[in-house]
Amino acid sequence: MATTFTENGGAVNGSNKEYTFSFPYLKTEDIYVALNGTTQATTKYTVSTSPTKITFNNTSVDSTVQESDGAPKTGVTVRVYRDTDVDAAKAVYASGSSVRAVDLNDNQDQCLYALQEEQTIVNNLVSTTWRGLMSSQDKVKLDAIESGATAD
């Protein structure tokens, strides 16, 4: 399964303000950060492309999860994740113009990333919520699917 998030991408020690991530994305606006499960306003951090990382700033600090300089407090779970915008196609084709490979690839990546994000959500739901309700036989099948094997 593809990676669509990084959890605690660096040491959460009350002073670290930078957290790296390695999953692909199309635009920086698709990258979000959650502290202890709560998505933060995009004004509270910046996304850098080389290397790929987010850096917290001291804008609108939430003192329950952040220090005064914006760094997450010790013990806070930091999740950097991708949520690909699919409201409009990345590239639009015009009648009579050439179709560029980069545009085809961008549109394909946009679909692929969105599907990976949905798959992550479904897998997390199945693994945490529904697993307890499944029969033993269904759990064996699900384990086989998750490990990449075929379940009969």
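Here are some worked exercises on the predicted model above.

Two ground rules before we start. Residues are numbered from 1 along each chain as its sequence is written. Since this is a predicted model, local features need pLDDT of at least 70 and side-chain atom pairs count only at pLDDT 80 or more, while totals for chains, interfaces and linings use all residues; side-chain values use heavy atoms, with hydrogens and water left out.

**Exercise 1. Get your bearings**

Task: work out which elements the protein chain has, and in what order they run.

Solution:
- Step 1: Fix the terms. Helices (H or I, at least four residues) and strands (E, at least two) are DSSP runs, numbered from the N terminus.
- Step 2: Count them. The protein chain has 2 helices and 7 strands.
- Step 3: Put them in order. From the N terminus on, you read β-β-β-β-β-β-β-α-α.
- Step 4: Check the burial. Of the 152 residues in the protein chain, 29% are buried, where buried means under 20% relative accessible area, exposed means over 50%, and partly exposed is in between (1.4 Å probe, protein chains only).
- Step 5: Look at the contacts (heavy atoms within 4.5 Å). Among those between residues at least 6 apart in sequence, 55% join residues at least 24 apart.
- Step 6: Add the surface. The accessible area, from the Shrake-Rupley method with a 1.4 Å probe (for residues, only the protein chains shown count as cover), comes to about 9,200 Å² for the protein chain, and 51% of that belongs to carbon and sulfur atoms.

**Exercise 2. Lay out the open sheet**

Task: find the strand order of the open sheet and say which strands sit at its edges.

Solution:
- Step 1: Recall what holds strands together. Strands of a sheet pair through backbone hydrogen bonds, either parallel or antiparallel. Here, two strands pair if DSSP finds at least two bridges between them.
- Step 2: Read the order. 3 strands form the open sheet as 2-6-5, with antiparallel pairing.
- Step 3: Pick the edges. Strand 2 (18-20) and strand 5 (45-49) each pair on one side only.
- Step 4: Get the turn. With axes as lines fitted to C-alpha atoms (for helices over the stretch in contact) and angles from 0 to 180 degrees between N-to-C directions, neighbouring strands of this sheet are turned by 20° against each other on average, direction ignored.
- Step 5: Take the pairs one by one. Strand 2 and strand 6 (residues 52-56) share 3 antiparallel bridges, and Glu18 has Thr55 as its bridge partner in strand 6. Strand 5 and strand 6 are joined by 5 bridges, with Thr46 opposite Thr55. These two strands make a hairpin with 2 residues between them.

**Exercise 3. Follow strand 7**

Task: is strand 7 largely enclosed or open, and which strands does it pair with?

Solution:
- Step 1: Count buried residues. 4 of the 5 residues of strand 7 are buried, so this strand is largely enclosed by the rest of the structure.
- Step 2: Find a partner. Strand 1 (residues 5-7) runs antiparallel to strand 7, with 3 bridges, and Phe5 is matched to Tyr81.
- Step 3: Find another. Strand 3 is also antiparallel to strand 7, with 5 bridges, and Leu35 stands opposite Val78.

**Exercise 4. Trace the salt bridges**

Task: which parts of the chain does the Lys53 and Glu18 salt bridge tie together?

Solution:
- Step 1: Set the criterion. A salt bridge is a side-chain nitrogen of Lys or Arg within 4 Å of a carboxyl oxygen of Asp or Glu. The whole structure holds 5 salt bridges.
- Step 2: Check the pair. The closest N and O atoms of Lys53 and Glu18 are 3.1 Å apart.
- Step 3: Locate both ends. Lys53 is in strand 6 and Glu18 in strand 2, so the pair ties together parts 35 residues apart in sequence.
- Step 4: Compare burial. Lys53, at 16% relative accessibility, is buried, whereas Glu18, at 38%, is partly exposed.
- Step 5: Try another pair. Lys27 and Asp85 meet at 3.4 Å, N to O. Lys27 lies in the loop between strand 2 and strand 3 (31-35) and Asp85 in the loop between strand 7 (78-82) and helix 1 (101-130), so this bridge links parts 58 residues apart in sequence.
- Step 6: Finish with Arg100 and Asp103, which meet at 3.0 Å, N to O. Arg100 is partly exposed at 47%, while Asp103 is buried at 14%.
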